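Colleague: Could you take a close look at one loop for me and then work outwards into whatever surrounds it? I'd like it in one go.

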Amino acid sequence: MNLAFVESPVQLLNVLEWTHTRGGSADTTVVVLPPVDPMSRGQLRRMAELARDEGMAVRWQEARGETGAPLKALRALTGLIRRADRIVIGDPFSRYVQLLLCLVRTRRITVVDDGTATMEFVAQLARGERLVRWHRRGSRGPRELLLAPVTSAARRSFTPSATRTVEVFTAMPVEAPQAVEVTSNTFAWTRDRFGPPLITKGADLVGTSLVETGVIDPVPYQEAVTALARAHGATRYFAHRRESADKLHALEAATGLEIVRPDLPLELIARRGPIGHTVLSFPSTVVHTLPLALVGTGVKVAVCDIAPEWLRDSASPRAQGFLSGVTETARDVQRLSPWRVTAVTAEG
């Protein structure tokens, strides 16, 4: 039995893509560990329906929110974990998943895409570094020190050995350690099940949670969205599931864009259509995944780089380099200069 742990809609989509490459989903059980925000939970429930339609067993396991929920979930999952032949993980940075890994005895581990975070995970694995999300400053506070043994144990679990194989299933450009097996995610399941989409004359803009994660300031972000929408004739703004309601209301008022809160990951929304002939984005997962999901449709994906002056003073020192790398390694996309975007805003 394959046992998968997912905490986001994109992770569950990529479990579906992984099982598709292996010929089917019947021997896979997915444990959904939902976050607390309503949009993520709604998308996860829709993705769970699709997974069940593909023959997967799906278990919804609350592990957050209530007092004692993490330990209760841990006890409930122990038997499943110990019976699994392979563990499939959507977020290797998740502290809760790292805790679950302490119970794992299987010789096979697969990490499926969690978007651009996969790039940082593989890079840290190759460099032998501790696992830290790229937008975090990496401080060693009391909580980090308390969880350090769990994180260290998880890192060992992701290191191939004579008794353990490790696979990374990804659409991202990665350079994995030699012993790690890398399997390409081509979004074959998505293309097989959805589309081709109706292509509209306008452009669509994809939102990002870089403001919510403390990477960039809200004012230059709103100015950039306004300028991009004006320059490319965008009419819709697909909100990231973590974007705040206040920020989206402000964007709608400033730009006149229709704010769309998708009920599925954007790769599926775009493939179902309708979708604009151009999709505009900032550095994010979709600049790598949308060209794969939309191959052969004629839709153009364009990415606007992040200017250094947009970054918050509190942003991680790694932020600019990481975001530039996300853009530079994307294939089949058009790059847009952030300085030209700023100029358009100033002229307006």
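Modeller: Start with D114, which sits in the loop between strand 5 (108-112) and helix 5 (117-127); helices (H or I, at least four residues) and strands (E, at least two) are DSSP runs, numbered from the N terminus. Bear in mind that this is a predicted model, where local features need pLDDT of at least 70 and side-chain atom pairs count only at pLDDT 80 or more, while totals for chains, interfaces and linings use all residues. Residues are numbered from 1 along each chain as its sequence is written, and side-chain values use heavy atoms, with hydrogens and water left out.

D114 counts as buried because its relative accessibility is 18% (buried is under 20% relative accessible area, exposed over 50%, partly exposed in between, with a 1.4 Å probe and protein chains only). Leaving aside residues up to four places away in sequence, D114 touches S8, Q11, G90 and D91, contact being heavy atoms within 4.5 Å. With Q11 there is a side chain to side chain polar contact at 3.0 Å (a pair of N or O atoms within 3.5 Å; within protein, one must be able to donate a hydrogen and the other to accept it, and residues adjacent in sequence count only if both atoms are side-chain atoms).

On one side of the loop is helix 5, with 8 of its 11 residues buried, so it is largely enclosed by the rest of the structure. Among the buried ones are M119, F121, V122 and L125. Just past helix 5, G128 has a positive phi of about 75 degrees.

On the other side, strand 5 belongs to an open sheet of 7 strands, ordered 3-2-1-4-5-6-7 with parallel pairing; two strands pair if DSSP finds at least two bridges between them. Strand 3 (57-60) and strand 7 (181-184) are at the edges with a single partner strand each, so one side of each has no neighbour in the sheet. From one strand to the next, the twist averages 20 degrees (angles run from 0 to 180 degrees between N-to-C directions, and axes are lines fitted to C-alpha atoms, for helices over the stretch in contact). Strand 5 runs parallel to strand 4 (residues 86-89), joined by 4 bridges, and V111 of strand 5 is the bridge partner of I89. Helix 1 (residues 9-21) packs on this sheet, touching strand 1 (2-6), strand 2 (28-32), strand 4, strand 5 and strand 6 (165-170), and its direction makes about 155 degrees with that of strand 1.
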